[in-house]
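Me: Please take a close look at the salt bridges in this model. I'd like to know where the partners sit and how open they are to solvent.

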Amino acid sequence: MKKILALWAVPRSTSTAFERMMRERGDFFVDDEPFGKSFYYSEERCNTTRYPDIEPDPQYNFSCILERLKQENEKQPVFIKDMSYQVAPVANQEFLSNFNNSFLIRHPEKMLPSLFKNWSDFTLEETGYAQLDKLFEMAKEITGKIPVVIDSDDLVKKPQATVKAYCNAIGIPFIEEALEWKSKPQPEINQWEGGWHNYVLSSQGFKEREKKDYAKIEDSEHLKQAYEFCLPYYQKLYENRLQIE
């Protein structure tokens, strides 16, 4: 069975820039957080606090989204980027066997203040790290191999080497030209309220972002608790990341 290429990520981890690069390649049908629609918008939705006024829609049920992706993948290669926590409710070995699973991490010291900027009331579930570790372990059991893990710092500091290593590990051609793109509206990656992707929409490649006026972890009890929760998961996954020269 031809598998769907999936990048499972934690929030605020440069995942949308990675997705933007995959769109620039031109050889994949790219879908932005398809199971986020299941998590928030479907009849099976698992969170009713973020978008409470949304009328549940059966077309976004987890099984419907998976079937649509499988059908599309029969016509052309499919790449999806999604948050780990959004797919966790249905993630088991049977489900993950439909995908060529890869993972994107970012140090919680950088990820959490950025998440806090958009969602000051984020939950530990919404940090995504516990679920990412669970997906990683299941993917490892399926193949008997360490899944591909890339770190956000490598991606922005050494984009060419990191993307090339990712492509080699996944088994797809490296296309250097896709590392740069023109800034333009991307309605297909701007589906969530709150300006999550404003930076990517104006970007032209992988770049380290200027430090913003984010809250400091040590100044917020909520951030401190989240940091202590996320860090062990990050450290474990970091030990399994692709080594970039």
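Reply: Happy to! Let's start with Lys236, which is partly exposed at 31% relative accessibility (buried is under 20% relative accessible area, exposed over 50%, and partly exposed in between, using a 1.4 Å probe and protein chains only). Please keep in mind that this is a predicted model, in which local features need pLDDT of at least 70 and side-chain atom pairs count only at pLDDT 80 or more, while totals for chains, interfaces and linings use all residues. Residues are numbered from 1 along each chain as its sequence is written, and side-chain values use heavy atoms, with hydrogens and water left out.

The partner of Lys236 is Glu137: their side chains meet in a salt bridge, 2.5 Å from N to O (the term stands for a side-chain nitrogen of Lys or Arg within 4 Å of a carboxyl oxygen of Asp or Glu). Glu137 belongs to helix α8 (residues 129-143) and Lys236 to helix α12 (residues 221-239), so this pair ties together parts that are 99 residues apart in sequence. Helices here are DSSP runs of H or I with at least four residues, numbered from the N terminus. Like Lys236, Glu137 is partly exposed, its relative accessible area being 22%.

Now turn to a pair that stays inside one helix. Glu72 and Lys75 form a salt bridge, with 3.4 Å between the closest N and O atoms. Both residues are in helix α3 (residues 62-75), and because they are three residues apart there, about one helical turn separates them. The two ends of this bridge contrast: Glu72 is buried, with a relative accessible area of 16%, whereas Lys75 is exposed at 64% relative accessibility.

A further pair within a helix is Arg23 and Glu19, whose closest N and O atoms are 2.8 Å apart in a salt bridge. These two lie in helix α1 (residues 15-25), four residues from each other, which is about one turn of the helix. Glu19 is buried, at 0% relative accessibility. When you trace this bridge in the viewer, don't stop at the pair: Glu19 and Arg23 are part of a network of salt bridges that also links Asp32, Glu33 and Lys81.

For the overall tally, the salt bridges number 15 by this rule. Among them are the bridge between helices α8 and α12, the one in helix α3 and the one in helix α1.
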